[in-house]
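Student: Please take a close look at one part of this model, the second largest pocket. Which residues line the second largest pocket?

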Amino acid sequence: RSKRRGRGQITVYSREIAQEMKQATQLEQALRNAIINDTVDVHFQPIVRLRDNRIVGFEALARWIDPDLGFVSPAVFVPLAEERGFIDTLSEMLLRKAAEATLAWPRDLFLSFNLSSVQLMDLRTSFNTLSILNSVGFDPRRLELEITETAVMSSADTARRIIKELKDAGIRISLDDFGTGQSSLGRLREFTFDKVKIDRAFVSAITTDRTSEHIIKAIVSMCEGLDLEVVAEGIETDAEARKLRELGCGMGQGYYFGKPVDSAATLRYLAENHHDFALVDRASA
Ligand code: C2E
Ligand code: MG
Ligand code: MG
Ligand code: MG
């Protein structure tokens, strides 16, 4: 096809590709600098028990604002760091920051942290993760690691070993974005997850679309049978929260309960929303 359009067309294409590659390299350099300068931040979004809207934990989400490029989504820079081979460095820095911030929270709250699929192909991941927790003084039993279905499928044996080592240390494992990947229900048993996070796509359709309601109902009942906890992601309205509660979904997360905010704002959020936490207590402690 490109042949018939003549040489000029091909030149345009390659120029576009060259431009894209140049931009990716600029982005990579900016991200590498941000890691060196310690300017990639971590924000926290509350996860609540739907029965009484009590906070049970927070998910850590990476945030990066470059002085020149502005806000760059983690959906862009995480895959870039994966491709360019430094996701481990980025992730370890983020876990350290997240764990340090969590030490200031009430002790009954857990930290949920996203592990990259690339990290699940690297046998050093479990040791490195536990070393960070140890050096921060963070109880591994307070940590949940979120992984995706595609991540455990790409190199299953390595992933299984890493997950086992993490679980042996007391870390819990959540299956993130459930329902979007090439779901194999058998994997739920095979990998002994502790928790399933229902993808936002089903949640945002729940009040308008009966199919999504049936799917969520089925996931909830399956998880009950398998003794897995369930979190619904992306809850934005009271109607969605009520519907999910009605369907027996144990936990929820979304803008309706709170957007991701930095560690200082997380402490203020806790002071307002957690029965056992006050900012003054911390100041005088
Ligand atoms: P995820 O792990 O599924 O995280 C949930 C995403 O949904 C977050 O997007 C969050 O801000 C967004 N979200 C939460 N509640 C709502 C809601 O009510 N409505 C809508 N529209 N969105 C909501 P974010 O922060 O842009 O992160 C995107 C993805 O980037 C994450 O999806 C995760 O896969 C990845 N990611 C973020 N931080 C990290 C990290 O530290 N490490 C790794 N490996 N991946 C990360
Ligand atoms: Mg997640
Ligand atoms: Mg998710
Ligand atoms: Mg997602």
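Tutor: The second largest pocket is lined by R49, V56, V220, C223, E224, D227, L228, E229, V230, G248, G250 and M251. A pocket here is an open set of points, on a 1 Å grid over the protein atoms alone, with protein on both sides within 12 Å along at least five of seven lines; a cavity is a set of points where a 1.4 Å probe fits but cannot get out; lining residues have an atom within 4 Å of a point. The model is predicted: local features need pLDDT of at least 70 and side-chain atom pairs count only at pLDDT 80 or more, while totals for chains, interfaces and linings use all residues. Residues are numbered from 1 along each chain as its sequence is written, chains are lettered from A and ligands numbered from 1 in the order written, and side-chain values use heavy atoms, with hydrogens and water left out.

The volume of the second largest pocket is about 160 Å³, a volume being the space filled by probe spheres set on grid points joined across faces, edges and corners. Two elements, α9 (210-226) and β8 (229-232), each supply at least two residues of its lining. The largest share, three residues, comes from α9. Helices (H or I, at least four residues) and strands (E, at least two) are DSSP runs numbered from the N terminus. By class the lining has six nonpolar, two polar and four charged residues. In this count Ala, Val, Leu, Ile, Met, Phe, Trp, Tyr, Cys and Pro are nonpolar, Asp, Glu, Lys and Arg are charged, and the others, Gly among them, are polar.

Two of the lining residues, V56 and C223, can be followed further. V56 is found in strand β2 and, at 18% relative accessibility, counts as buried (under 20% relative accessible area; exposed is over 50%, partly exposed in between; 1.4 Å probe, protein chains only). Beyond its neighbours within four places in sequence, V56 is in contact (heavy atoms within 4.5 Å) with I47, V48, R49, D108, L109, F110 and M251. R49 and M251, both contacts of V56, also belong to the pocket lining. From V56 to A99 there are 43 residues in sequence and 16 Å in space, C-alpha to C-alpha.

C223 is buried, at 0% relative accessibility. The structure holds zero disulfides (a disulfide is a pair of cysteine sulfur atoms within 2.5 Å). C223 is accordingly in no disulfide, and the nearest cysteine sulfur to its own, that of C249, is 8.7 Å away. Seen from C249, the closest cysteine sulfur is that of C223, and 8.7 Å is too far for a bond. C249 is buried as well, with 4% relative accessibility.

For comparison, the largest pocket has a volume of about 1,100 Å³. Its lining numbers 39 residues, and E59, L61, P74, N114 and D176 lie nearest its centre. The elements giving two or more residues to that lining are β1 (41-49), β2 (54-66), α2 (74-83), α3 (87-102), β4, β5 and β6 (172-178). The lining divides into 17 nonpolar, eleven polar and eleven charged residues.

Three of those central residues, E59, N114 and D176, recur in a metal site. The protein donors of the magnesium ion (ligand 2) are E59 (OE), N114 (OD1), E146 (OE) and D176 (OD), at 2.0 to 2.3 Å. Donors are N, O and S atoms within 2.8 Å of the metal (3.2 Å for Na, K and Ca); water is not among the atoms, so sites may look incomplete. Along the chain the donors follow the spacing E-x54-N-x31-E-x29-D. N114 lies in strand β4 (residues 110-114) and E146 in strand β5 (residues 143-147), so this pair ties together parts 32 residues apart in sequence. N114 is partly exposed at 27% relative accessibility, whereas E146 is buried at 1%. D176 coordinates both the magnesium ion (ligand 2) and the magnesium ion (ligand 3), which are 3.8 Å apart.

As to enclosed space, the structure holds two cavities of 30 Å³ or more. The largest cavity has a volume of about 50 Å³ and is lined by S91, E92, L95, F113, L115, Q119, T125, N128, T129 and I132. α3 and α4 are the elements giving two or more residues to this lining, with the largest share, four residues, from α4.
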